[in-house]
Amino acid sequence: MAGYDAETLARLTEDAAAVVARYPEDPRSALLPLLHLVQSVDGYVSPAGIAFCAGTLDLSTAEVSAVATFYTQYKRHPNGTYTVGVCTNTLCAVMGGDAIWSELSEHLGIGHDETTEDGAITLERVECNAACDYAPVVMVNWEFFDNQTPDSAIATVDALRSGQPVRPTRGADQVVSFRETSRVLAGFPDGRADQGPGAGDATLVGLRLARREGWVAPGETPPATRRARGGKREES
Amino acid sequence: MTTLTPILSKHWDADRSWSMATYQANGGYTALRTALGTDPADLITQIKDSGLRGRGGAGFPTGMKWGFLPAPDGGPRYLVVNADESEPGTCKDIPLMMATPHQLVEGVIITAYAIGCHHAFIYLRGEVVHVYRRLLQAVQEAYDAGLLGSDVGGSGFQLDVTVHAGAGAYICGEETALLDSLEGRRGQPRLKPPFPAVEGLYARPTVVNNVESIASVPQIVGRGADWFKEMGTERSTGFGLFSLSGHVQHPGQYEAPLGITLRELLEMAGGIREGHELKFWTPGGSSTPLFTAEHLDVPLDYESVAKAGSMLGTRALQIFDDSVCVVRAITRWAEFYKHESCGKCTPCREGTSWLVQVLQRIESGRGSAEDLDTLLDVCDNILGRAFCALGDGATSTITSGITQFRAEFEAHLNGAGCPFDPAAATLFDSRRVTDAAGTVGA
């Protein structure tokens with residue numbers, strides 16, 4: 001197929017077959033993961049990648065393009081190694097997302113969907129990423145950076161640009177590249193599921209309060225009662 | 001006083017909470033064993049009896065949704081879990097799946113067994129890669145343990161589960177748009193009827209349920225419908241995750257019976273940011289009409305919130321204090337709906353675009369009194385006329401905002417501009433500035 005050397009094409013073809021096999025009822029369901037897969041090879045949805053998806057699923061390139069352009073995670077031009085997305089939906093924006101956005105944009109000298117000259121950072125405004133209790137939120141390659149400030153966000157992008165490992169607040173031990181992230185999103189595990197915490201502080205705030213207060217669901221024994229019965233103190 | 005009831009959140013802080021070993025050590029998969037020894041029809045009856053209503057926002061009774069599937073005709077039927085959590089303010093399913101993905105997997109297996117499904121899908125939004133890792137691993141662990149595959153738990157029941165990552169589109173949280181997306185198309189909603197129960201995924205009978213709904217199923221099967229009904233109100237039974245965000249001292253997840261009030265939750269969360277007062281809040285995400293301090297004692301159940309003029313939605317309680325300009329907040333939400341409108345129907349595509357133009361004009365001080373009427377008129381032409389609920393949702397904060405804060409809108413008009421200082425609303429220089437930020441040098 002045009003655009004890929006034989007080795008790349010062989011690897012893509014093998015991976016694509018694994019993706020398609022997940023959808024025995026209708027191979028077309030494989031299109032979204034295949035587009036993630038293309039991004040894992042090319043760093044964006046390239047013309048060659050569109051042709052590859054079309055050929056794999058017996059679609060026209062127009063049909064594949066129509067799908068690819070609908071979703072914001074699919075990039076129409078080469079992406080930086082790291083997508084840095086600042087949530088500027090209302091709640092994060094008000095809590096500081098707008099300030100983070102403008103300072104980062106100025107610091108990097110780029111605007112929305114633009115990439116630094118060294119190819120390291122693509123900056124984006126992103127919509128709500130389901131972490132409002134950690135506002136203001138920044139996403140780097142779709143890993144959570146919670147409770148951000150302009151300074152913390154700038155420190156993060158500086159570290160990324162200088163090649164230092166960077167750890168998200170809730171995620172893998174280290175942010176991986178855009179291409180590596182895309183491969184996971186295509187459904188290929190990278191062995192990092194056991195890294196990072198199960199939950200952050202905001203996630204646990206209600207649970208911890210309930211424990212302190214001895215509040216439990218109906219039918220459960222409150223810790224205070226257990227304490228009285230057993231005569232020894234139990235934290236949980 | 002209503003108190004918290006940690007149920008789904010009970011083991012979120014356990015060591016390696018996401019692993020099958022930890023989940024099982026805390027009683028996980030015992031409800032599945034019970035379910036596999038129960039007649040599927042009885043399971044559906046049990047969920048109906050519990051009164052569980054969809055936790056994804058619409059609040060439709062879950063058991064009834066299952067019951068709508070036509071009688072088996074020998075062909076496939078599908079369960080699709082809506083894990084596309086994207087409604088602004090909503091942040092409950094993502095932490096649930098990150099901490100304890102097996103709760104969802106167990107719920108999927110029980111539900112699939114109950115409705116006669118042999119291939120279930122979990123459609124996760126693509127913008128949460130670590131949650132996707134955890135779900136993929138949880139499903140693999142379930143296969144390895146024989147709880148998925150050709151002979152689930154030795155029962156002879158066969159089930160495959162595919163975890164599918166989306167690619168960034170709020171509209172895919174709408175169940176028929178989700179199905180189109182899962183079929184490899186642009187995520188645009190379908191005309192209903194036919195409803196998914198009749199013609200859903202691959203035009204076959206399909207149940208689409210929210211993550212929290214499905215994760216609640218093992219609890220009901222394990223502890224009984226009556227236990228579930230001990231919590232909540234008569235028509236809004238059970239428990240739910242209440243997600244507090246914004247200008248509260250301790251934002252986060254609070255699991256409580258439906259019917260708890262914001263006053264009670266705020267007290268648990270340490271109150272509003274120091275030195276400020278509550279100004280407005282959303283009871284269930286940005287698609288629900290705004291509430292104010294007048295609504296602090298509205299029981300947060302489906303009926304009471306509706307009666308007070310809003311919707312319980314996803315229990316996404318976004319709290320804004322008196323430092324926040326309501327016009328700015330509403331304009332930003334409007335920009336969101338414009339960005340996320342799929343473009344399929346004219347009222348939503350054109351309407352959200354006009355709403356943004358008029359709101360931006362007002363916010364920047366270039367608006368006139370007529371613009372407020374124009375906004376209300378455009379909202380009136382979207383509400384009830386759009387193809388799906390996205391258009392309706394776009395109007396919620398605008399109409400409720402103008403009704404409750406008309407003077408603040410007017411203060412922006414005729415060259416005045418915004419009287420608020422955005423810096424006063426940020427968290428910097430107040431709390432949590434130095435901790436928890438991403439650490440460099442892993």
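The exercises below work through a predicted model with chains A and B, and each task is followed by a solution in steps.

**Exercise 1. The make-up of chain A**

Task: Determine how many helices and strands chain A has, in which pattern they follow one another, and whether the chain is spread out or compact.

Solution: Begin with the count, which comes to 9 helices and 5 strands for chain A. Next, read along the sequence of chain A, where the pattern is α-α-α-α-β-α-β-β-β-β-α-α-α-α. Then compare the radius of gyration of chain A, 22 Å, with the 18 Å that the globule rule gives for 236 residues; the value is well over the rule, so chain A is more spread out than a compact globule. The extents can be added to this picture, since the C-alpha trace of chain A spans about 75 × 50 × 30 Å along its principal axes. Finally, turn to the interior: 54% of the 236 residues in chain A are buried, and among contacts in chain A between residues at least 6 apart in sequence, 59% join residues at least 24 apart.

**Exercise 2. Where chain A touches chain B**

Task: Find how many residues of each chain are in contact with the other, and which element gives the largest share on the side of chain A.

Solution: First take the totals, which are 83 residues of chain A in contact with 84 residues of chain B. The elements of chain A that give two or more residues to this side include α2 (31–42), α5 (90–108), β5 (143–145) and α8 (201–213). The largest share, 9 residues, comes from α8(A). Sorting the side of chain A that touches chain B by class then yields 44 nonpolar, 25 polar and 14 charged residues.

**Exercise 3. The sheet of chain B**

Task: Work out the order of the strands in the open sheet of chain B, and say which strands lie at the edges.

Solution: The sheet has 4 strands in the order β3-β2-β1-β4, with parallel pairing. Its edge strands are β3 (160–165) and β4 (206–210) of chain B, each of which pairs on one side only. On average, with direction ignored, neighbouring strands are turned by 20 degrees against each other.

Now follow the pairings one at a time. Strands β2(B) and β3(B) are joined by 6 bridges, and here B:Ile122 has B:Val163 as its bridge partner in β3(B). Another 6 bridges join β1(B) to β2(B), while 5 bridges join β1 (residues 78–83) of chain B to β4(B). B:Val80 appears in both of these pairings, with the bridge partner B:Phe121 in β2(B) and the bridge partner B:Val208 in β4(B).

As a last step, consider β2 (residues 119–124) of chain B, where 6 of the 6 residues are buried, so that the strand is largely enclosed by the rest of the structure. From β2(B), B:His119, B:Phe121 and B:Tyr123 point one way, whereas B:Ala120, B:Ile122 and B:Leu124 point the other way.

**Exercise 4. Two helices that cross**

Task: Describe how the axes of helices α6 and α9 of chain B are placed with respect to each other.

Solution: The axes of α6 (residues 101–115) and α9 (residues 211–223) of chain B come within 7 Å and cross at roughly 75 degrees. Because of this angle, α6(B) is roughly perpendicular to α9(B). The residues that make the contact include B:Leu104, B:Val108 and B:Ile110 of α6(B) and B:Ile214, B:Val217 and B:Val221 of α9(B). By class, the residues of this contact divide into 9 nonpolar, 3 polar and 1 charged.

Terms used:
Residues numbered from 1 in each chain as written. Chains lettered and ligands numbered in written order. Predicted model: local features only at pLDDT ≥ 70, side-chain atom pairs only at ≥ 80, totals over all residues. Contact = placed C-beta atoms within 7 Å. Nonpolar A, V, L, I, M, F, W, Y, C, P; charged D, E, K, R; others polar. Axes fitted to C-alpha atoms, helices over the stretch in contact; angles between N-to-C directions. Parallel < 35°, antiparallel > 145°, perpendicular 65-115°, else oblique. Pairing = 2+ DSSP bridges. Rg over C-alpha atoms; globule rule 2.2 N^0.38 Å. Buried ≥ 20, exposed ≤ 12 C-beta atoms within 10 Å, placed from the backbone.
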